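Work through the exercises below with the sequence and the model side by side. Try each task before reading its solution.

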Amino acid sequence: MSGYRGFIGVESLGPENTETESSDELLVRRLKRLLLEDVDLQELGRLDEAQRRVRLERVLNHLVSREGIILSTRERNSLVRRVVDEAVGLGVLEPILADPTVSEIMINGHDTIYVERAGRLERIPSGFTNNEQLLQTIDRIVSTVNRRVDESSPMVDARLPPDARLPRGARVNVVLPPLALRGPTMTIRLFPKAYGMEELQARGAVDESTARLLAAAVRARLNIVVSGGTASGKTTMLNALSAFIPGHERIVTIEDAAELALVQDHVVQLETRPPNVEGRGAVTIRDLVRNSLRMRPDRIIVGECRGGEALDMLQAMNTGHEGSLTTVHANTTDDALSRMETMASMSEVEIPFHALREQVNSGIDMVIQLVRSPDGTRRVVDIGYLSSRGRADFALSRISHWDVHAIGAGGSRGAFVRHPVDRRLAQRLKDAGESLPEGFVVADDERREDAGGGVPWS
Ligand SMILES: Nc1ncnc2c1ncn2[C@@H]1O[C@H](COP(=O)(O)OP(=O)(O)O)[C@@H](O)[C@H]1O
Ligand SMILES: [Mg+2]
């Protein structure tokens, strides 16, 4: 039952401080106390949030009458709403969280709130009257994920799961005094709704035929690496690709901070854990990839390969988990392959270099390169099919690329250029019951691809 006490925030009610509080706040405090005496917390815990609100509103209206508090209807409604907001919701933060244009909320002590809208910071009036009230809200947020923040652990970084208020969840970071000098400091990053492939296409990140080819590649269980720089849209692309995985497959996702929002039902989402204050208890991407192999996954999606986990990922791709997806920080498709190879060699397992080359050659099928332009557009600038085998040097045959000099539809500069598709890729798609999307042709021979004869797309 103690778990439900958090709904009312009683643990952090603290002593009344009549000097700094207005009569309004005293009234809110008094009602919260009465509410606690009057409601059955166990029953409340069984209700969902909407039901809980209705129930609390009813009790509060009754309490206001019983206590003989004289208020106009408007005042009473606003008082009841405020108490309910503070009791079950996040009080002052509710309206900010409800604003879809806000991507980040930064609270630097009770009197300073900044929000980020469309990449710009702006200061907004703070509704918190004191640090005690802010602490109470912080407490409520971190207790929903069974975390604690107080003097003994004054720093918390946690992920909030998606709910009605946060459609994709959020990441919250709290630092308390004395570490934070200006008072309790909380940073909430709200994950926006991710773009699907159609939205990416609408934004010009990829052309229609290529988008179809990518979808076919996912369905045909190609192992795909999405490559790009910071904020180039890798995670977004990974998420968009994942939507094409058939619903009957079991998917395991592994991330440092869960950002992926898969549409399928049968998804196991795993997240790493940092070490505790004694430096113990860390669970890494590697640990999770290894463990996931015992979870009978059909596909494994790793949010980003940054180190030794590349080896485990390659092994998974090579041993019956075809159709796995990951991202890597690299600037070209070739670079992405050497990064994977280098990272795989960073694992403590001693593997001769030629063996790693084989792992990459037989593991990875396709690399999608993304680039963020200075104007903020993100684009698929290159897609390569890895046609080399065994210990041979990497050979990528181009499927599509963005040519900055080509003239696109309407005379605009830059266009997607399609290339003849490697016969082995075409065959693989065909075997999986997929056809080549319109506009793509099969390469007649090996040499043809090297000539790089592309067809501008318009
Ligand atoms: N094609 C796109 N057009 C516009 N914005 C995009 C596009 N793809 C991604 N974004 C946005 O760019 C930001 C970074 O994307 P993300 O996928 O997290 O990048 P990365 O994983 O490479 O760091 C996000 O806010 C995302 O919504
Ligand atoms: Mg990312």
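**Exercise 1. The ligand shell**

Task: Find how many residues surround ligand 1 and which are the closest. Then state which helix gives the most to this shell.

Solution. Keep in mind that this is a predicted model.
- Step 1. Count the shell: 14 residues surround ligand 1.
- Step 2. Pick out the closest. They are A205, G233, K234, T235 and T236.
- Step 3. Look for the main helix. Helix 10, residues 234–242, gives the most, with 3 residues.
- Step 4. Sort the shell by type. It holds 5 nonpolar, 6 polar and 3 charged residues.

**Exercise 2. The loop before helix 10**

Task: Place A231 in the chain. Is A231 buried or exposed?

Solution.
- Step 1. Locate A231. It sits in the loop between strand 7 and helix 10.
- Step 2. Check the backbone. A231 is not a glycine, yet its phi is positive, about 60°.
- Step 3. Count neighbours. A231 has 12 C-beta neighbours inside 10 Å, so it counts as exposed.
- Step 4. Repeat for R296. Its phi is also positive, about 50°, although R296 is not a glycine.
- Step 5. Place R296. It lies in the loop between helix 11 (285–292) and strand 10 (299–302).
- Step 6. Count again. R296 counts as exposed because it has 9 C-beta neighbours inside 10 Å.

**Exercise 3. The chain as a whole**

Task: Describe the chain by its elements, its extent and its buried share.

Solution.
- Step 1. Count elements. The chain has 16 helices and 16 strands.
- Step 2. Read the extent. The C-alpha trace spans about 90 × 55 × 40 Å along its principal axes.
- Step 3. Take the buried share. Of 458 residues, 36% count as buried.
- Step 4. Consider contacts with a separation of 6 or more. Residues 24 or more positions apart account for 56% of them.

**Exercise 4. Two helices that cross**

Task: Describe how helix 2 and helix 5 meet. Which residues make the contact?

Solution. Two packed helices are described by the angle and the distance between their axes.
- Step 1. Take the geometry. The axes of helix 2 (residues 23–38) and helix 5 (residues 73–88) come within 10 Å and cross at roughly 65°.
- Step 2. Add the hand. Helix 2 passes helix 5 in a right-handed crossing.
- Step 3. List the residues. Helix 2 brings L27, V28, L31, K32 and L35, while helix 5 brings L79, R82, V83, E86 and A87.
- Step 4. Sort them. The contact has 7 nonpolar residues, no polar ones and 3 charged ones.
- Step 5. Turn to D38, which is also placed in helix 2. D38 counts as partly exposed because it has 14 C-beta neighbours inside 10 Å.
- Step 6. Find its partners. Beyond residues up to four places away in sequence, D38 touches V59 and L63.
- Step 7. Look across the chain. D38 and F440 are 402 residues apart in sequence, and their C-alpha atoms are separated by 70 Å.

**Exercise 5. The buried side of helix 14**

Task: Which residues of helix 14 (residues 353–363) are buried? What do they pack against?

Solution.
- Step 1. Read off the buried residues of helix 14: L356, Q359, V360, N361 and G363.
- Step 2. Name the partners. These buried residues pack against helix 12 (309–318), helix 13 (333–345) and strand 13 (378–386).

**Exercise 6. Two more loops**

Task: Place E151 and P178 in their loops.

Solution.
- Step 1. E151 is in the loop between helix 7 (131–144) and strand 4 (155–160).
- Step 2. E151 is exposed, since 8 other C-beta atoms lie within 10 Å.
- Step 3. Compare sequence with space. E151 and L179 are 28 residues apart in sequence and 9.7 Å apart in space, C-alpha to C-alpha.
- Step 4. P178 is in the loop between strand 5 (170–175) and strand 6 (185–190). The peptide bond from P177 to P178 is cis, with omega near 5°.

**Exercise 7. Where to trust the model**

Task: Which element has the lowest mean pLDDT, and which the highest?

Solution.
- Step 1. Start with the average. The chain averages a pLDDT of 87, and 91% of the residues score at least 70.
- Step 2. Find the extremes. Helix 1 (residues 2–8) has the lowest mean, 36, and strand 7 (residues 224–228) the highest, 98.
- Step 3. Mark the weak stretches. Over residues 1–18 the pLDDT is below 50. It stays under 50 over residues 448–452 as well.
- Step 4. Draw the lesson. Where pLDDT is low, the predicted coordinates should not be read in detail.

Notes. Residues numbered from 1 in each chain as written. Chains lettered and ligands numbered in written order. Predicted model: local features only at pLDDT ≥ 70, side-chain atom pairs only at ≥ 80, totals over all residues. Near = placed C-beta within 6 Å. Helix = DSSP H or I, 4+ residues; strand = E, 2+ residues; numbered from the N terminus. Nonpolar A, V, L, I, M, F, W, Y, C, P; charged D, E, K, R; others polar. Buried ≥ 20, exposed ≤ 12 C-beta atoms within 10 Å, placed from the backbone. Contact = placed C-beta atoms within 7 Å. Axes fitted to C-alpha atoms, helices over the stretch in contact; angles between N-to-C directions. Left-handed = near helix turned anticlockwise from the far one by under 90°. pLDDT = per-residue confidence, 0-100.
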